[in-house]
Amino acid sequence: MAWRSSTLAYLERHCPAALDHHEAGTPRDREVFQVGIAAHAILDVLCRRQVELGRGVEGDEAAALAQAAAEVLVREGREFDGTPEPPMSPAASAEGRELAVRAWYVYPTQLEDRSEHGLAVDVDWRPVDYSSPRAWWKAAMDIVGPCVGDTRDDEDDGGIGVCVTDYKSAWPTDETELETIQIRGQALVAVAHAERLLGFSPAFVRRRVINLRTLASFEADLVLDEDGEQTLSTWRQDVRLLVAAAESRVGGKRPARPGAHCLGCPFLGRCEDARAHLRGDVLDGDPETIATRYAVVDAMRDMLRDACVALTAEGPVVLDDGVVGHVGRPRRVLVPTAAADLCRAWWKGDEPDPRAVGLVTALEPSVTAAGKVAAALYPRDRSKGAKADRDALIDSLTISRIVARFGIHPTSTE
Ligand code: SF4
């Protein structure tokens, strides 16, 4: 049986039962992932087109290609691993297009790169074709290609390596992603295929993760010397452990482990094992049971909040004792000139240094920060008029606006 790094990620990120849900085709909330799927598909089109043309694709040309790809997603949907998927919503496709274009401008691929490239190894980590019956571990790389070594700390040439790049559309994606078995597994497969892929033995393997939301990029190189080979050997053992966990079943099922990893699990809404923790007295049980229940409820709250934000976009849902959704509330916000006005107040009316104004503007002060400046300028114990001065300054810096606030708004009982 061939194992895919992307599907074993369910087990690694969530729990063994999540892999069962995936294999059983349990419906998951597709909308949550649609933006990322669209961004991946559009970046794939851009990379492939660049290779076809044999030159870089930039500016308006890239934007036009991204738009055309987004339209295909809306009209026809995409195909994944040979399986067609339904057409995508225009909103998800448009947001995915924005993420893709921004990422393309900051991190364009090279002509030698390959996109959505599937590679596989057999059980002894020898390279085989992706569709080979001997394939045991498979990885579909967002981008794989050559890369130049880092020479900043060394006079020597850093050499040429093989780089695997994974695009992530989850906001919290950070450098910890580099140490997941998913990306390490991709690196292992890339190393196995490097000579076929590049035509030479790479000096190192680079794991790179790009957060499509924040445009942060994280990377780590592993030099393929004796120590590096030792590390690769440990990673291979980790993959084997993950596969062993995937193969382990009790009564034909993989074990569920409700808890902190339910957060973001795409099957949470339909997972009986998670729901079982919600029954009975909420404070009944040992500390582990109560903590698990808390983690499950917190994950469900997050999921329900996202669902309610979408459900109530056009107006709140009215309940017997309140409403759930967006409600307008007056709130004081800073006037557009607040940063300069704050500086002027700090400089006691003198024209402030424009560089200071630029700095304060870049810091994007809040109403709370403005209040702290006012308190520093007019401390409570200096004079009787301090409060009036503070209030006058805050009044001059802020205006009242109706701001939509999402939440549970109980009906007032007064
Ligand atoms: S919801 Fe929780 S228990 Fe259920 S499959 Fe996902 S991670 Fe496992």
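Which element gives the most to the shell around the ligand? I will come to that after a word on the model before us, which is predicted.

Let me start with the domains. The domain assignment divides the chain into domain 1, covering 3–247, domain 2, covering 260–309, and domain 3, covering 323–410. Taken over C-alpha atoms, the centres of domain 1 and domain 2 are separated by 31 Å. These two domains touch: 10 residues of domain 1 are in contact with 7 residues of domain 2. On the domain 1 side of that contact, helix α2, residues 16–24, gives the most, with 3 residues. That side of domain 1 is mixed by class, with 4 nonpolar, 3 polar and 3 charged residues.

I turn now to the ligand. It is surrounded by 16 residues, and the closest are His14, Cys15, Cys262, Cys265 and Cys271. Two or more residues come from each of α2 and α8, the latter spanning 272–275. The answer to my opening question is α2, which gives 3 residues to the shell. By class, the shell consists of 11 nonpolar, 3 polar and 2 charged residues. Where, then, does the ligand lie with respect to domain 1 and domain 2? Both domains give residues to the shell, so the ligand lies between them. Helix α2 thus appears twice in this account: it gives the most to the side of domain 1 that touches domain 2, and it also gives the most to the shell around the ligand.

Next, helix α1, which runs over residues 5–13. Its buried residues are Ser5, Leu8, Tyr10 and Leu11. Which elements cover them? Among the elements that do so are β1 (3–4), α2, β6 (137–148), α6 (181–198) and α7 (226–247).

Finally, I come to a sheet. Three strands form an open sheet in the order β10-β11-β12, and their pairing is antiparallel. The edges are held by β10, at 317–319, and β12, at 398–410; each has a single partner strand, so one side of each is left without a neighbour in the sheet. On average, neighbouring strands here are turned by 45 degrees against each other, direction ignored. Between β10 and strand β11, residues 322–334, the antiparallel pairing extends over 3 bridges. Within this part of the sheet, Leu319 stands opposite Gly322 in β11.

To close, I would return to the ligand: in this predicted model, it lies between domain 1 and domain 2, because both give residues to the shell around it.

Key
Residues are numbered from 1 along each chain as its sequence is written. This is a predicted model: local features need pLDDT of at least 70, side-chain atom pairs count only at pLDDT 80 or more; totals for chains, interfaces and linings use all residues. Domain bounds come from an automatic or database domain assignment. Helices (H or I, at least four residues) and strands (E, at least two) are DSSP runs, numbered from the N terminus. Ala, Val, Leu, Ile, Met, Phe, Trp, Tyr, Cys and Pro count as nonpolar, Asp, Glu, Lys and Arg as charged, and the others, Gly among them, as polar. A residue is near a molecule or strand if its C-beta atom, placed from the backbone, lies within 6 Å of it. A residue is buried if 20 or more other C-beta atoms lie within 10 Å of its own, exposed if 12 or fewer, and partly exposed in between; C-beta atoms are placed from the backbone. Two strands pair if DSSP finds at least two bridges between them. Axes are lines fitted to C-alpha atoms, for helices over the stretch in contact, and angles run from 0 to 180 degrees between N-to-C directions.
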